[in-house]
Amino acid sequence: MGNLYYENNAGTFTVSHRKALSHHMPVSHFHSTYEIYILMSGKREFFIQDRTITINEGDVVIIAPNILHRTTNAEQPKHERLIINMHEQYFSLDGSHREALLPMLDRDYLILKDSLRNRQLIEPQSRAIIQEMQERGSGFELFAQTLAVQLLIMCCRQFRQHDAEPLASPSPMHERISEIVRYINEHYMEELSLHLLADRFFISPYYLSRSFKEATGFAFVEYVNSVRIKEAKKQLESSSLKVNLIARKVGFGSVTHFGRVFKVVTGHSPLHYRRKGE
């Protein structure tokens with residue numbers, strides 16, 4: 001129906017605007033950048049970190065770097081959304097952004113629910129970013145980054161003014177799966193099979209497999225692999241441990257299998273991130 005996509009050469013700033021009849025994110029999703037997700041129309045199911053949340057028209061979701069997330073269709077699959085990914089380096093040169101953006105910097109994710117006040121502030125700012133990226137005048141990337149930082153400050157101000165409501169799970173099944181996801185996030189380095197977790201949580205493997213996919217958008221094995229690869233990527237970038245040791249530390253028995261899964265999840269080999277960190 002309509003698409004706009006821009007990514008700078010460093011991969012530190014991207015803007016994606018889409019109108020779609022239906023969309024399921026096809027792959028695991030985490031970034032080294034902050035993500036601003038603005039749902040301009042429609043409704044989406046949003047899995048973040050360990051829970052599934054329904055977001056509605058006008059809602060804004062801000063996700064910290066390296067937080068697993070995925071969106072899937074809700075009962076109204078038609079939607080319009082704007083996604084901005086940007087590295088913290090663009091927030092300010094001297095660190096002066098930290099106070100203004102503390103509600104965002106202090107959390108794995110922040111959700112701003114729609115209100116008339118939010119809509120009046122955020123909708124024009126979002127449209128201005130889209131227009132800038134479409135027209136691509138002189139200095140458009142810097143201009144769009146400036147607009148995006150203003151948008152983040154608006155969101156953090158609104159979040160401070162209105163106490164965040166507890167995010168309820170859509171159903172008891174979703175809450176049960178959230179409990180299992182939290183266990184995986186904490187025990188990813190151990191053996192984690194569908195049958196082992198089904199036994200641990202006193203449910204059938206079939207129910208776990210079906211409900212896990214429904215609640216998170218991930219197949220069970222896909223999610224376990226994504227968590228392990230996310231942790232491996234962090235260790236590759238921040239340590240000098242050998243790749244085979246990192247593979248074992250995050251729960252892979254075979255370095256060959258680790259390399260294959262790593263490429264599927266990230267699109268790169270493990271050494272790509274080791275070179276970036278050196």
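Begin by selecting helices H5 and H8 in this predicted model, which lie oblique to each other. To bring them up in the viewer, choose residues 172-187 for helix H5 and residues 220-238 for helix H8; the two axes come within 9 Å and cross at roughly 40 degrees, an angle that counts as oblique because it falls neither under 35 degrees nor in the range of 65 to 115. Turning the view along the crossing, you will find that H5 passes H8 in a right-handed manner.

Next, show the side chains where the two helices meet. On the H5 side, select Val-181, Ile-184 and Asn-185, and on the H8 side select Phe-220, Tyr-223, Val-224 and Val-227, since these are the residues that make the contact. If you colour this set by class, the contact of H5 with H8 shows 6 nonpolar residues and 1 polar residue, with no charged residues.

Now leave the helix pair and select Cys-155 together with Cys-156. Which cysteine sulfur is nearest to that of Cys-155? A search of the whole structure finds 0 disulfides, and Cys-155 accordingly takes part in none, the nearest cysteine sulfur being that of Cys-156, 6.9 Å away. Seen from the other side, the closest cysteine sulfur to that of Cys-156 is in Cys-155, and the 6.9 Å between them is too far for a bond, because a disulfide requires the two sulfur atoms to be within 2.5 Å.

Finally, switch on a surface and look at the same pair of cysteines: are they buried or exposed? Cys-155 counts as buried, at 0% relative accessibility, and Cys-156 is likewise buried, with a relative accessible area of 0%.

Note on methods:
Residues are numbered from 1 along each chain as its sequence is written. This is a predicted model: local features need pLDDT of at least 70, side-chain atom pairs count only at pLDDT 80 or more; totals for chains, interfaces and linings use all residues. Side-chain values use heavy atoms; hydrogens and water are left out. Buried means under 20% relative accessible area, exposed over 50%, partly exposed in between (1.4 Å probe, protein chains only). Axes are lines fitted to C-alpha atoms, for helices over the stretch in contact, and angles run from 0 to 180 degrees between N-to-C directions. Helices (H or I, at least four residues) and strands (E, at least two) are DSSP runs, numbered from the N terminus. Angles under 35 degrees count as roughly parallel, over 145 as roughly antiparallel, 65 to 115 as roughly perpendicular and the rest as oblique. A crossing is left-handed if the near helix is turned anticlockwise from the far one by less than a right angle, and right-handed if clockwise. Contact means heavy atoms within 4.5 Å. Ala, Val, Leu, Ile, Met, Phe, Trp, Tyr, Cys and Pro count as nonpolar, Asp, Glu, Lys and Arg as charged, and the others, Gly among them, as polar.
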